[in-house]
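Here's a friendly walk through a structure you may not have met before. Have a look at the sequence and the model, then read on.

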Amino acid sequence: MLKCIAVDDEPLALQLLEDYIDKVPYLQLIATCPDAFEATAILQQQEIDLVFIDIQMPGLTGIQFIQSLSQKPLFILITAYEKFALEGYTLNVVDYLLKPIALTRFMQACNKALELYQLRHGQSSPANKEAASYFFVNVDYSLVKVLYQEVMWIEGLRDYVKIHLKPPAKPLMVRSTVKNMEEELPASKFIRIHKSYIVAIESITSVRKNSIFIGELELPVGETYRESIDQLTKRNL
């Protein structure tokens, strides 16, 4: 069950959100708020998992509200203006809904929030992370589900990583770092071989002293990671 609040200065919009939330079995509406200040008070009183919030509100906008928080729950932004979409997604919100909101679109956003909530809480347990078969990444304003078995290798590109998938799927460009991806992926399925590369263990076809191969592709092994490669190759000796 996700504890949520709805924040909007328009009474009719707030009533619609309340009706929609009531239809979603895994949502528990804790409060409705006419502005961000009341929402702040709610967050200070109890733990909230998900916030539905309008962007354009007097006093403190939805975006300013999100930026003001040090500990952030999940957010679904709501507005009548598409021009705010890019700014909203830079805040890593779950989704962005344009008014008037259709129930089907609302449910899609809620399902994303539930999956992300379960993923985040599951990651706190190494056992759950190992048991999972997928993870989510933020691509082009959407959370994309990626199966571990589809990943061949991951390449670091400064503030982004390129996730190379098994053909014919195209690589995914994700705003993240190799270090973050290393922490997210299960150690039984992936191994870091270089400051810029993580590879799926099942994709490795051969190993040399300073490189590994995925088919004809050769990737370098950093000196720091050679011991990990040695341990990997000795598993079945």
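Searching the whole structure turns up 0 disulfides. Keep in mind that this is a predicted model. For background, a disulfide is a covalent bond between the sulfur atoms of two cysteines.

So why does C110 have no bond to C4? The sulfur of C110 sits 7.7 Å from the closest cysteine sulfur, the one in C4, and that is too far for a bond. To count as a disulfide, the two sulfur atoms would have to be within 2.5 Å. Seen from the other end, C4 is in no disulfide either, and its nearest cysteine sulfur is that of C110.

Are these cysteines buried or exposed? The table has the values, along with T79, which we'll get to later.

| Residue | Relative accessible area | Status |
|---|---|---|
| C4 | 0% | buried |
| C110 | 1% | buried |
| T79 | 0% | buried |

Now for the sheet. C4 has L29, in β2, as its bridge partner. β1 and β2 run parallel and are joined by 6 bridges. As a general point, strands of a sheet pair through backbone hydrogen bonds, either parallel or antiparallel.

Zooming out, there is an open sheet of 5 strands with parallel pairing, in the order β2-β1-β3-β4-β5. At its edges stand β2 (27–33) and β5 (95–98); each has a single partner strand, so one side of each is left without a neighbour in the sheet. From one strand to the next, the twist averages 20°. Lying across β1, β2, β3 and β4 is α1, which runs at about 170° to β2.

Next, the nonpolar cores. The largest one has 26 residues, and those with the most contacts inside it are L27, L50, F52, I76 and F106. At least two residues of this core come from each of β1 (2–7), α1 (11–23), β3 (50–54), β4 (74–79) and α5 (103–123). Which element gives the most to this core? That's α5, with 7 residues.

What does F106 touch, once you leave aside its neighbours within four places in sequence? F106 is in contact with L17, Y20, I21, V24, F52, L97 and I101. Apart from that largest core lies another one, of 23 residues, with V7, I42, F65 and F75 among them.

Finally, back to T79. This residue is in strand β4 and counts as buried, at 0% relative accessibility. Not counting residues up to four places away in sequence, T79 touches D54, I55, F84, Y96, L97, L98 and K99.

How values were computed
Residues numbered from 1 in each chain as written. Predicted model: local features only at pLDDT ≥ 70, side-chain atom pairs only at ≥ 80, totals over all residues. Heavy atoms only, no water. Core = buried A, V, L, I, M, F, W, Y, C linked by side-chain atoms within 4.5 Å. Buried < 20%, exposed > 50% of the residue type's maximum accessible area, 1.4 Å probe, protein only. Helix = DSSP H or I, 4+ residues; strand = E, 2+ residues; numbered from the N terminus. Contact = heavy atoms within 4.5 Å. Pairing = 2+ DSSP bridges. Axes fitted to C-alpha atoms, helices over the stretch in contact; angles between N-to-C directions.
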